Amino acid sequence: MGDAQRYTEYTNTLRQLASDAATGLPVALDQLRASIDGEASAQLRRLVPLDYRRKVGAFFTPAPLKERVASLIRSHKTSVYLDPTCGSGDLLLAASSILPTGATLRETLEEWTHRLHGYEINEEFVAAARYRLVIAAMLRHGIAEGTLRPNFDFASYFSNIIVADGLARLSKPSNFDGHILLNPPFGTISADARVPWTVRPTSAAAVFTYHAMTHLSQGGRMTAILPDVLRSGSRYRSWREQMDTLGVKEPLVTYGQFDEHADVDVFLLAMKAAPEHEVESRSDWWASTPTAESAGRVDDRFTVRVGSVVDNRDPLEGPEYPFARAKDLPASGEMSLPGRKRRFAGTVFKPPFVLIRRTSRPTIPGQTRVSGVLVTGKRSISVDNHLIVAMPRDGAVDSCRDLLEVLACRETTEWLDNRIRCRHLTVGAVRDIPWTVHSLDE
Ligand SMILES: C[S@@+](CC[C@H](N)C(=O)[O-])C[C@H]1O[C@@H](n2cnc3c(N)ncnc32)[C@H](O)[C@@H]1O
């Protein structure tokens, strides 16, 4: 037995639970509630090896994110919801939470069957999704309190949730006018020939969302949970431009870490399909700069580059220079020449300049997101590629000190958290940091 097959142990539990509840046997309300909440994820982690979960990108949406999705989709009326990578149905459960119920449980199940569609490559997850939706409908009817005890076969419900390759289905021409809900796999896949923004292997999440938007007819909607790098990473600029030709975005929701088990920052993208000529105004993928309180951007005053040394790759050839590495740098402040030396034949930098670490974790409350270190001295320095170098266009040490203040101020942390939530700062993000005047006046 391998891969997702072990999940059958849990789908059997769900089947028994649904069957007991439907036939009026005593079932603990807490157990029913847990089965439509985080339990499916916990069982996934217990039963299915991490290697396989990573391979297919199986990370089920946790309750707080489900609620965010439900609140985003609530205001849009739609006939049908489709989750093309539905896992064990968490996003369909979010959709069901805003669907009305019928006069009887049977009526509700019929209506929800009609309106909730899903594709998933693992049949064990498909089975779990169906049972969980049945249980959600029972809970909405108060069946656990014993108010309704129909003795019927529920196996025929949710027949639109099926084993299928969601990407293949989305890639086919269609006129789907419902609402696509997506928490796709986040791994890397080859971009197929119909993806116009890249020829290289790329994020599966980018490919799924692009095909989802092309699958919709005008007016159809998509709400997706996506890795933050799609919103903020420079290598997804063409994807963002393509997406902007396919519809109108609602203001983006930056969310933070997916959950305590998946350390990846995500955002929520909600879009309505519309032809390019009708897309009048495009909202930003990040906060716009500069703001009223800022006077331009860092780029106006500094040349910003990534350090040029790849230490374990570049040969120890050329002149010997002092060598600045991220791990030898003080947390902030000023330094003169680094003690470490290295031979290097590539680009070196002449002080004064500011070094900024490329890895910077977002959203640690109360902490500054980035801090710079001012380097002074007369000799040129080679710089490790884990550091960003900001060289003042006027060559002045005082300009570098001003930059240290801009980096340290609260507004910059807030701005960066909004602009880029993944751990690697980009040169583009540093260039765009607003030059916040009032922080320098205080
Ligand atoms: C990130 S999980 C999300 C599941 C569910 N949408 C949720 O929000 O909980 C992605 C799911 O996609 C499934 N999957 C991966 N590739 C797929 C494909 N080509 N077609 C359909 N499902 C796929 C995985 O097995 C996994 O269950």
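## Terms and model

Two strands pair if DSSP finds at least two bridges between them. Helices (H or I, at least four residues) and strands (E, at least two) are DSSP runs, numbered from the N terminus.

This is a predicted model: local features need pLDDT of at least 70, side-chain atom pairs count only at pLDDT 80 or more, and totals for chains, interfaces and linings use all residues. Residues are numbered from 1 along each chain as its sequence is written, and side-chain values use heavy atoms, with hydrogens and water left out.

## The chain as a whole

The chain has 442 residues, and 53% of them are buried (under 20% relative accessible area, 1.4 Å probe, protein chains only). Its secondary structure comes to 17 helices and 20 strands. The C-alpha trace spans about 85 × 50 × 45 Å along its principal axes.

Take the contacts (heavy atoms within 4.5 Å) between residues at least 6 apart in sequence. Of these, 78% join residues at least 24 apart.

## The five-stranded sheet

An open sheet of 5 strands runs in the order β12-β19-β16-β17-β14, with mixed pairing. β12 (302–306) and β14 (333–335) are the edge strands; each has a single partner, so one side of each lacks a neighbour in the sheet. Neighbouring strands are turned by 25° against each other on average, direction ignored (axes are lines fitted to C-alpha atoms).

Helix α14 (residues 397–408) packs on this sheet. The helix touches β12, β14, β16, β17 and β19 (387–392). Its direction makes about 170° with that of β17 (angles run from 0 to 180 degrees between N-to-C directions, the helix axis being fitted over the stretch in contact).

## β19 and its partners

β19 is mostly covered, with 6 of its 6 residues buried. In a regular strand the side chains alternate between the two faces of the sheet. Both faces of β19 are covered. Leu387, Val389 and Met391 are buried on one side. Ile388, Ala390 and Pro392 are buried on the other.

β12 and β19 pair in the antiparallel sense over 5 bridges. There, valine 306 stands opposite isoleucine 388 of β19. β16 also runs antiparallel to β19, joined to it by 4 bridges. Here isoleucine 356 is the residue opposite isoleucine 388.

Further along the sheet order, β16 (residues 353–357) meets β17 (residues 372–375). These two run antiparallel and are joined by 4 bridges. Isoleucine 356 appears again: its bridge partner in β17 is glycine 372.

## Alanine 331 beside the sheet strands

Alanine 331 sits in the loop between β13 and β14. The residue counts as exposed because its relative accessibility is 57% (the cut-off is over 50%). Leaving aside neighbours within four places in sequence, alanine 331 is in contact with Arg357, Ser371 and Val373. Arginine 357 is 26 residues away in sequence, yet the two C-alpha atoms are 9.4 Å apart in space.

## The three-stranded sheet

Another open sheet has 3 strands, in the order β15-β13-β18, and its pairing is mixed. β15 (341–343) and β18 (382–383) are its edge strands, and each pairs on one side only. β13 (residues 320–324) pairs with β15 in the antiparallel sense over 3 bridges. Proline 322 stands opposite lysine 341 of β15.

## The hairpin and the cavity

β9 and β10 form a hairpin with 2 residues between them. β9 pairs with β10 (residues 262–273) in the antiparallel sense over 5 bridges. Glycine 256 stands opposite valine 266 of β10.

The structure holds 1 cavity of 30 Å³ or more (grid points, 1 Å apart, where a 1.4 Å probe fits but cannot get out). The largest cavity has a volume of about 80 Å³ (the space filled by probe spheres set on the points). Its lining (residues with an atom within 4 Å of a point) consists of Ser41, Leu44, Arg45, Arg53, Ala58, Phe59, Phe60, Phe258, Asp259, His261 and Ala262. α3 (39–47) and β9 (253–259) each supply at least two of these residues. α3 gives the most, with 3. By class, the lining divides into 6 nonpolar, 2 polar and 3 charged residues (Ala, Val, Leu, Ile, Met, Phe, Trp, Tyr, Cys and Pro count as nonpolar, Asp, Glu, Lys and Arg as charged, the others as polar).

Key: On a 1 Å grid over the protein atoms alone, a cavity is a set of points where a 1.4 Å probe fits but cannot get out, and a pocket is an open set with protein on both sides within 12 Å along at least five of seven lines; lining residues have an atom within 4 Å of a point.
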